[in-house]
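Here is a walk through one protein chain, going from single residues up to the way whole helices pack. Keep the picture open while you read.

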Amino acid sequence: MGGMLGQIQFRIKWNSFQAKLFVTYLLLTVLGTSAMAGYLLWSFYDYFMRTRQVDLENWTSALSESMADSLKENNTERIEVLVRRYGAPETVTLRVFTPDAKLLTSSDPQDQQITNWRAIPGIEEALKNRITRGVAKGVFSNDDRLYISRPIIYEGQQLGILRMSITLRQFQRQFATLVWTVLGALLITVLLCAILSDRFAHSLAKPIQLMRNFAIRLGGGQFGDKLMIRQSNELDELALELNRMSERLASLDQERRAFLANVSHELRTPISNVQVTVEALRSGADAEPELRDRFFQTIEDETRRLSRLIHDLLDLGRLEAGVTLLERQHLVLSSLVDRAVRAVEPRMQAKGIDIHSEVADIHLQGDPERLLQAFLNILDNALKHSAADSKVLIHGYRDGKCAIVTIRDQGTGIKPTDLPRIFEQFYTADPARKGTGSGLGLAIAQRIVSAHGGLITASSQPGQGAIFTISLPIEIK
């Protein structure tokens with residue numbers, strides 16, 4: 001048992017949470033068992049005292065009636081017989097007094113030594129016709145005794161006093177034994193509960209400690225780990241959520257790395273082109289006007305491309321960080337789509353693409369400039385992937401509390417393997433078109449629509465073009 005307690009102390013020394021659980025359970029156990037033991041002991045003591053007191057009440061009540069008849073007839077011999085008979089047990093002392101508190105007879109021969117009985121507890125009260133009961137020390141010993149003093153009354157006249165007492169020494173010995181037995185059982189119970197509390201506290205503290213270490217590893221950048229906890233309670237659910245968070249953080253970390261790699265690549269290409277062109281001009285290429293103009297045009301194109309990329313990155317960063325505040329204005333969906341069509345129409349006509357728009361006059365709340373940017377990005381994507389002499393069809397209608405806009409092109413379509421990733425940053429479905437765009441247009445469009453509480457999806461069949469569906473709530477909450 002001592003080795004087990006030492007093990008408990010060693011365990012809880014290094015884990016404050018487990019120590020608090022252990023101490024809490026142990027204190028609750030000690031308080032609960034102590035209160036129960038105290039209540040049981042008190043109930044037993046009170047029951048014994050009340051039972052013995054009732055016995056004294058019954059005995060003295062019956063004896064007082066018999067002695068009243070004898071005292072009325074002055075039959076002292078019968079009184080002595082009754083006293084010897086009922087005072088014969090060693091634990092019982094029976095005394096009869098005259099109305100002036102003089103001892104008439106007693107079951108204890110030593111009583112003849114006492115001259116003043118009025119000092120004995122209960123006598124003075126009985127002289128005043130009051131029944132008195134209680135616990136007092138013995139007349140010739142220091143033992144506690146339970147007594148009752150009762151006046152002997154006959155036809156309203158007090159003929160004497162009856163006092164009966166029983167010793168509590170044997171009961172107190174038995175009660176002391178019972179107390180030590182209960183204390184021993186209580187100690188054993190506390191020790192067993194301490195062991196069980198330690199096991200229980202350890203079973204709760206261990207998964208929490210594992211979660212703490214797991215969270216520390218997550219904070220240190222170790223994503224993708226799995227937390228294995230097998231408990232059918234809230235801790236198991238918390239472990240599942242932590243695992244999901246770890247997977248999400250691992251995915252975000254991978255996206256971050258890919259994003260940095262893509263940004264580095266996208267920035268490196270125009271910067272390298274500008275750098276090579278400037279070195280060529282510095283080496284004397286500006287001597288030929290035609291070559292010089294072509295080089296200046298390259299610098300201008302790459303600078304514009306770099307500016308557009310940086311602008312898109314800033315937009316995407318603000319949208320994802322939530323720092324871009326949307327202006328809630330009343331707008332008409334058909335007017336907004338018409339603005340987007342007019343903006344891309346010259347480029348569509350230059351490529352021989354016909355654009356047809358049929359949008360209902362739906363009134364909604366939103367940021368017109370941001371929504372215009374989203375529509376332009378999708379139309380720009382349709383322009384890049386549409387063949388000459390094809391069509392782009394725009395259809396807008398109301399569906400319940402949402403405004404729906406579909407943009408369909410007649411290009412080559414999107415492969416099923418590429419469809420789930422087209423809204424990712426820097427993702428370009430057609431490798432041949434790498435370099436014609438930053439790969440951020442659809443990602444920005446999705447963030448803008450999501451910021452408005454809407455949803456954008458894409459569907460496609462290879463060779464039949466792509467359909468982008470934008471759903472916007474008419475009222476933004």
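## A serine on a helix

S64 lies in helix α2, which covers residues 16-72. Helices here are DSSP runs of H or I with at least four residues, strands are runs of E with at least two, and both are numbered from the N terminus. This is a predicted model, so local features need a pLDDT of at least 70 and side-chain atom pairs count only at pLDDT 80 or more, while totals for chains, interfaces and linings use all residues. Residues are numbered from 1 along each chain as its sequence is written, and side-chain values use heavy atoms, with hydrogens and water left out.

Is S64 buried or exposed? S64 is buried, because its relative accessible area is 9%. The cut-offs are under 20% relative accessible area for buried, over 50% for exposed, and partly exposed in between, using a 1.4 Å probe and protein chains only. Leaving out residues up to four places away in sequence, S64 touches R150, I152 and L162. Contact means heavy atoms within 4.5 Å.

## The chain as a whole

The chain has ten helices and twelve strands. Of its 477 residues, 37% are buried. If you take the contacts with a separation of 6 or more, 65% of them are between residues 24 or more positions apart.

How confident is the predictor? The score to look at is pLDDT, its confidence in each residue, from 0 to 100. The chain averages 78, and 83% of the residues score at least 70. Residues 1-15 stay under 50, and the model has 19 contacts for them beyond four places in sequence. Residues 431-436 are also below 50, with eight contacts in the model beyond near neighbours in sequence.

## Two cores

In soluble globular proteins, nonpolar side chains tend to be buried together. A nonpolar core here is a set of buried Ala, Val, Leu, Ile, Met, Phe, Trp, Tyr and Cys residues joined through side-chain atoms within 4.5 Å. The largest one has 41 residues, and L333, F375 and I394 have the most contacts inside it. Which elements give two or more residues to this core? They are α8 (333-351), β7 (354-359), α9 (368-385), β9 (391-399), β10 (402-409), α10 (441-451) and β12 (466-473). The biggest giver is α9, with eight residues.

Now zoom in on I394. Leaving aside neighbours within four places in sequence, I394 is in contact with V337, V341, I355, H356, S357, E358, V359, L379, V405, T406 and I407. Apart from this core lies another, of 20 residues, including L63, I79, I152 and M164.

## Where α9 meets α10

The axes of α9 and α10 are 9 Å apart, and the two helices pack at an angle of about 145°. Those axes are lines fitted to C-alpha atoms over the stretch in contact, and angles run from 0 to 180 degrees between N-to-C directions. On the α9 side, R370, L371, Q373, A374, N377, I378 and N381 take part, meeting G441, L442, I444, A445, I448 and V449 in α10. By type, the residues of this contact divide into eight nonpolar, four polar and one charged. For that count, Ala, Val, Leu, Ile, Met, Phe, Trp, Tyr, Cys and Pro are nonpolar, Asp, Glu, Lys and Arg are charged, and the others, Gly among them, are polar.

The buried residues of α10 are L442, A443, I444, A445, R447, I448 and V449. After α10 comes G453, with a positive phi near 80°.

A382 is also found in α9. A382 counts as buried because its relative accessibility is 2%. Not counting neighbours within four places in sequence, A382 is in contact with V392 and D409. A382 and D409 are 27 residues apart in sequence, yet 5.8 Å apart in space, C-alpha to C-alpha.

## Two loop residues

Finally, look at two residues that have a positive phi without being glycine.

| Residue | Phi | Loop | Relative accessibility |
|---|---|---|---|
| N74 | about 60° | between α2 and α3 (76-86) | 62%, exposed |
| E155 | near 50° | between β4 (144-154) and β5 (157-167) | 68%, exposed |

Conventions:
pLDDT = per-residue confidence, 0-100.
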